[in-house]
Amino acid sequence: MFDFPIFEMPTIGLRMLMAINAITHVFVSHGGAVGGSVVLALAAWWTNKKGDMAGYETVYRLLMVFFIITTSVGALTGIGMWIHANIISPNAIGGLIRVFFWKWFIEWIVFNFEVVLLLFWFMTWKQKALTSEGRASSVRTGAFYAISSWITLLIIAAILGFMLTPNFDGQPWVDPEVYPGKVNYDNALFNPTWIPGVLMRTFSSIAFAAALAIMWTWILTTFSKNEEIQETKERLIKFFARIMLFTVPVAAAFGYYYLLQIPEAARAMIPTAMMTRAFADKMDLMHMIISGIGGTVVLTTIIAYFSPKRMPYIAATLMVSAFLLFWGYEERTREFIRKPYLIYNYMYANGIRVTDVPYLNKVGILKHAIFVNEKDKVINKDKSNLIEVGHTVARIECRACHTENGINGLKALTAGWSEAAIRNRINNLPGGGTPYMAPFVGTEAEKDALAAYIVSLNKRGEIK
Amino acid sequence: MNWKLPFDIPLVIPTMGLPGWFFDSLGVIVFVVHIAFIYTLIGASTASVLYNIFGVFKKSKTDDLLAYKMTNPTTISENMGALWGVAPLLVISVLYTGFFYTAILKVSPHILHIIYGNIFAFLLSYAYKFSWHSLHHHKGFHIAIGLVAVLTFYTLPPVFMSMSNLYLQPELFASVQSIWDIMLTPLTFFRLINFFLTAFAFTGIVMIYLGVKWVKAGGEEEAVGRLAIDQGKKWFMWAAPVNIAILPLVFFAFSPRISEAYIHTPFVFLPFAASAVLLILFFFLLKRFSNEEMSLSDATKSMVLMVVAVALMATARHGIRVVSFAEPLQLQAEATEKYMTDVITEYKAHKEEMKNAPAVVLDPAVSLADSKGCLACHSVDTALVGPSYKEVAAKGESANILTASLKNGSIGKWGETPMPPQTLTDEEAKTLIEWVLKQK
């Protein structure tokens, strides 16, 4: 059911629009805030304990970089997730807010602590660095900042877990046959991938942040004119590498544990999610990607630990790039394997609820599409507007994943197909070959219209 | 009236049994805090660039220092403003989900400017702040950075206010097609004037308050404090009079249905009350206009009056919601109830039908063909993307050739659309080919 105004993103499509914001946010929130807060608080504590004042100053410079990125890009892409979800899947985000309102409200309160502590830590650092009591209090502020950062992750991971695995031991979170739906908030919160997801994210975030810290330590110390600062390079890189030596294996172990909690059908889609449909069968390619990313992280960590002074810049950037790839893949895979659902077993990727399907198959998907032009909703007797009606159906049902002629474009995907072939494909969704596609919803006439529209995409400009 | 409203989300609103006024007040309070930070952000970032320019032209170190000091309230208010913007959005989108999301969709993709434009302005404002000392001898360039940041901040309220004006007037959902249809209306114009004037007046009071603290701290800061107090008064007294006049007008620029109903509610007194408070504050400052210093208690009093005026404006704005949403919420609830009753009836009937339907026993070869995705392009008796299995069987190729085509892919035998190579075991290939050849 899609009864909101329809927003389409030409060429790059809605998925890519969301992905740009989402992946930027994951990089910054995990690497900068959640992991960064822990890593920088540890580094501040350690340098202060050792009485290494030059190191303490370098940590401040690192904090400045992290502060600038997290409070601007991180915070705003966080709000951006919401705004993007509003315009891409209003039904889904509307449902999620009804289910998780109070958790989100608590999260917002924790955000207050997080932002205030970060502002306070950063803006009072210089003044407090002068005395040992000041430094001790500053380190404490950093620790509290790290704790509040982590709590925000704890809450948001519950919502992500819910979308993938909303059911807990077969206990439903809502009865779809009752209106208005009464939500079982406990079942929604304590879903099976929540805690595994939190553990995986916590340790991989810390490892990622340590990698970022190594890269920025390299940059800041190498280009510093202050010799004392230059000399902190070796000590700090070694310290951050030590954090990685501990967190990388733990993150990998929890990642595997997380994987085991994912439903069978979703797990089977991981190869397609990682390598697209064309390469879905190339398991050796997938193993190469995984071991390439993992191997790069391990190798560069070893270099950083044993040879921090001579660690080349290329190794530091490779390390960070491997993590960026990891997060990109992790997010893409997690989003993809949920398909054809947006909220598993409850709502399809295009915002149509599973319960809506039998009714809409009877009356048609366009009957309640309130923001669509009336003339594009009903097929004329002479079928003169068949293609326009089909286009409207596509805008409602296909828009979430396909563009007309851009990324995952309908035109290229059906090049050379006959109308009968397209009709057959629509009729047999999801089908064995494309288990991630949502079923067609609507009447037979709408199915004809959709097929006519799709076939027309490859016929435009053809001389009759 | 031509209402076009989406259905409500069919899940209960999680009120936890708390009364409606609790959420109303929560919405107003978090909004006041948010808007206070946003006023400060707009004003403080403007002030910082303005006094930076004055510092250069007047060759005045005090102006330069004031400009630098104003970057701190900028940083704090941009962070806190974004953060406290989340809370009202959260409250609104759980209570008025359909209206809020419809408005956001109607002004898309332009609404994304409040994300990407904001990131751009944020980063520039940090660049401006943190390069203050290193760009000390490149003032022109430095001021340009600050100016671009400020101007970018200025572009955000028109976008956001267009969305907010649309969501407050659901009767416009049927006619507004893009952001410009709502941005270029008298309402948005009046509200923007009101917004910017309040922002400058508010910042004036913030400057007075900070100035008093700086004077108290003494030393180098004393002169800056005096300048801030003097300038703060002027900021307020320039901005307030027009605002006092325009404020009550804003509430009559809504659509006739809303404005006419609004007059008959007690909310209609609130904009006048807000104007009255601003007027009192105006005379309060006028009386102290030529004093070089101000007591902390006077600064606090000014701040309290200013916040009261802002809270009155916010409550008056909440009144618009009360008046405007009563009817569409009712219509939406009725439509949703009818729709969901139909949906659930049909869903139950469908489930019953499925339960009683005889189980279909599929040939294992057919299930295999389906699971491998063959049926996406082939069917038994009609040519689709590829030939029908009947045609393939009739052509009479040997099982070995067909197995090779299946495993390695094939092109040219049935046209120029290629069949990609398929991954399957020898056993699976055998099952499929035997089944295909049976389809003659």
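## A two-chain model, starting from B:Ser379

B:Ser379 counts as buried because 21 C-beta neighbours lie inside 10 Å of this residue, and the cut-off for that class is 20 or more. A word of caution before going on: this is a predicted model. Along the chain, B:Ser379 sits in the loop between α13 (364-371) and α14 (389-395) of chain B. Leaving aside residues up to four places away in sequence, what does B:Ser379 touch? The partners are A:Asn424, B:Leu384 and B:Ser388. B:Ala314 makes an interesting counterpart: 65 residues separate B:Ser379 from B:Ala314 in sequence, and their C-alpha atoms are 64 Å apart in space.

### Where the chains meet

The contact with A:Asn424 leads us to the interface. Chain B brings 57 residues to the contact and chain A brings 60 residues. On the side of chain B that touches chain A, at least two residues come from each of α3 (71-95), α4 (97-106), α5 (113-130), α12 (296-356) and α13. Which helix gives the most to that side? It is α12(B), with 11 residues. Sorted by class, the residues on this side of chain B are 35 nonpolar, 14 polar and 8 charged.

### Domains and a helix pair in chain B

The domain assignment splits chain B into domain 1 (20-168), domain 2 (195-357) and domain 3 (364-437). Between the C-alpha centres of domain 1 and domain 3 of chain B there are 62 Å.

Now for a pair of helices you may like to rotate into view. Helix α6 (residues 139-168) and helix α8 (residues 186-217) of chain B pack with their axes 10 Å apart, at an angle of about 130°. That angle is the reason why α6(B) and α8(B) are oblique to each other: roughly antiparallel would need an angle over 145 degrees, and roughly perpendicular one of 65 to 115. Their crossing is right-handed. From α6(B), the contact is made by B:Pro157, B:Pro158, B:Met161, B:Ser162 and B:Asn165, while α8(B) offers B:Leu187, B:Thr188, B:Arg191, B:Leu192 and B:Phe195. By class, this helix contact has 6 nonpolar, 3 polar and 1 charged residues.

### Backbone features to check

Most residues other than glycine have a negative phi, and most peptide bonds are trans. The table collects four places in the model that depart from this pattern.

| Residue(s) | Feature | Value |
|---|---|---|
| A:Lys339 and A:Pro340 | cis peptide bond | omega about 5° |
| B:Ser108 and B:Pro109 | cis peptide bond | omega about 0° |
| A:Asn345 | positive phi | phi about 65° |
| A:Asn408 | positive phi | phi near 55° |

Where do these residues sit? A:Pro340 is in the loop between α11 (313-336) and β1 (341-343) of chain A, and B:Pro109 is in the loop between α4 and α5 of chain B. A:Asn345 belongs to the loop between β1 and β2 (347-348) of chain A. A:Asn408, in turn, lies in the loop between α13 (386-397) and α14 (410-413) of chain A.

Are the two asparagines buried, exposed or in between? A:Asn345 has 13 C-beta neighbours inside 10 Å and therefore counts as partly exposed. A:Asn408 has 15 such neighbours, so A:Asn408 counts as partly exposed too.

Conventions: Residues are numbered from 1 along each chain as its sequence is written. Chains are lettered from A and ligands numbered from 1 in the order in which they are written. This is a predicted model: local features need pLDDT of at least 70, side-chain atom pairs count only at pLDDT 80 or more; totals for chains, interfaces and linings use all residues. Helices (H or I, at least four residues) and strands (E, at least two) are DSSP runs, numbered from the N terminus. A residue is buried if 20 or more other C-beta atoms lie within 10 Å of its own, exposed if 12 or fewer, and partly exposed in between; C-beta atoms are placed from the backbone. Two residues are in contact if their C-beta atoms, placed from the backbone, lie within 7 Å. Ala, Val, Leu, Ile, Met, Phe, Trp, Tyr, Cys and Pro count as nonpolar, Asp, Glu, Lys and Arg as charged, and the others, Gly among them, as polar. Domain bounds come from an automatic or database domain assignment. Axes are lines fitted to C-alpha atoms, for helices over the stretch in contact, and angles run from 0 to 180 degrees between N-to-C directions. Angles under 35 degrees count as roughly parallel, over 145 as roughly antiparallel, 65 to 115 as roughly perpendicular and the rest as oblique. A crossing is left-handed if the near helix is turned anticlockwise from the far one by less than a right angle, and right-handed if clockwise.
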